[in-house]
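Trainee: Could we go through the pockets and the core of this structure, with the reasons behind the terms?

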Amino acid sequence: MPVKLQICLYGPSSTGKTTACGTLAKLVYDETGKPSRLYSADGGGWGTIQHLVDAGIVAALDIGQRAYPFEAMRDATQGAWPSDLKDPTSP
């Protein structure tokens with residue numbers, strides 16, 4: 001049975017949350033070959049780990065751009081993922 005791990009990081013801006021996520025995602029990818037999903041809601045983006053997104057190590061979704069961000073966050077806790085990451089109306 002595959003192991004699924006969900007981690008929520010919350011804190012002030014510029015405290016290293018995204019960098020920590022990138023470090024963990026790289027470790028998971030190196031160990032398993034599987035990408036990690038990043039659900040971001042802070043509006044600051046993921047510039048510090050863009051290289052991991054570009055490499056396919058992290059799949060990133062800005063929940064703040066979704067039509068219903070609170071519902072999107074609830075759905076994310078149940079593993080929901082949109083069909084098209086670039087389309088904020090994608091189911």
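Mentor: What follows takes the pockets and then the core.
Mentor: This is a predicted model, in which local features need pLDDT of at least 70 and side-chain atom pairs count only at pLDDT 80 or more, while totals for chains, interfaces and linings use all residues. Residues are numbered from 1 along each chain as its sequence is written, and side-chain values use heavy atoms, with hydrogens and water left out.

Trainee: Why is a space called a pocket and not a cavity?
Mentor: On a 1 Å grid over the protein atoms alone, a cavity is a set of points where a 1.4 Å probe fits but cannot get out, whereas a pocket is an open set with protein on both sides within 12 Å along at least five of seven lines. The largest pocket has a volume of about 1600 Å³, and the second largest about 220 Å³.

Trainee: What makes a residue part of the lining?
Mentor: Lining residues have an atom within 4 Å of a point. The largest pocket has 39 of them, with Leu5, Gln6, Ile7, Arg37 and Tyr39 nearest its centre. The second largest pocket has 16, and Arg66, Glu71, Ala72, Asp75 and Ser90 lie nearest its centre.

Trainee: What makes Ala25 and Leu38 members of the largest nonpolar core?
Mentor: A nonpolar core is a set of buried (under 20% relative accessible area, 1.4 Å probe, protein chains only) Ala, Val, Leu, Ile, Met, Phe, Trp, Tyr and Cys residues joined through side-chain atoms within 4.5 Å. Ala25 and Leu38 are among the 8 residues of the largest such core, which also includes Trp46 and Ile57.

Key: Points joined across faces, edges and corners; volume = space filled by probe spheres on them. Buried < 20%, exposed > 50% of the residue type's maximum accessible area, 1.4 Å probe, protein only.
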